[in-house]
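Dear colleague,

Here is the structure I promised to hand over to you. Please open it first, and then read the notes underneath with it in view.

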Amino acid sequence: IRSLGRAGNAWVWPTLADRSEEQRIRETAARALVDAFVRYEGELRTAASNALMVVDAPGTEAWIAEAKKASPEKASALDELAARLARNPSRVR
């Protein structure tokens, strides 16, 4: 989870000379972090949520909605994650 957050960090990419892989890496990291959020609880879920705030990939809201459909028992937690993402204070875009 930590590595995904670091690889997809939305604040680091603009500082790199070669940003050709940015979208693909941030998207891949965000998808994996949403999956981790659904699969785990406790500290790992919190870590995945925090990393998603740092990655802040476009499309994350849609992947959260997909996860809600696939895991309706996690809908409440995913709603909270979506609300947190919507008010993300570190939003780059």
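Of the 93 residues in the chain, 38% are buried, where buried means under 20% relative accessible area; please keep in mind that this is a predicted model. The surface that the chain exposes comes to about 5,600 Å², and carbon and sulfur atoms supply 53% of it.

As for the fold, the chain holds five helices and zero strands, which gives the pattern α-α-α-α-α when it is read along the sequence. The C-alpha trace spans about 45 × 20 × 20 Å along its principal axes, and the radius of gyration is 13 Å, which agrees with the value near 12 Å that a compact globule of 93 residues would have. If we take the contacts between residues at least 6 apart in sequence, 69% of them join residues at least 24 apart.

Helix α3 deserves a slower look. It runs over residues 42–55, and its 14 residues reach 20 Å from the first C-alpha to the last, close to the 20 Å expected at 1.5 Å a residue. Its buried residues are R45, A48, S49, A51, L52, M53 and V55, and what covers them includes α1 (2–7), α2 (22–39), α4 (60–70) and α5 (75–86). Just after α3 comes D56, which takes a positive phi of about 45 degrees.

Lastly, on the charges: the chain carries 15 positive and 13 negative ones, and the mean positions of these two groups are 2 Å apart.

With best wishes

Methods: Residues numbered from 1 in each chain as written. Predicted model: local features only at pLDDT ≥ 70, side-chain atom pairs only at ≥ 80, totals over all residues. Heavy atoms only, no water. Helix = DSSP H or I, 4+ residues; strand = E, 2+ residues; numbered from the N terminus. Rg over C-alpha atoms; globule rule 2.2 N^0.38 Å. Buried < 20%, exposed > 50% of the residue type's maximum accessible area, 1.4 Å probe, protein only. Contact = heavy atoms within 4.5 Å. Areas by Shrake-Rupley, 256 points an atom, 1.4 Å probe, with all protein chains shown as cover. Lys, Arg positive; Asp, Glu negative; His and termini not counted. Charge placed at Lys NZ, Arg CZ, Asp CG, Glu CD. Expected span 1.5 Å × (residues − 1).
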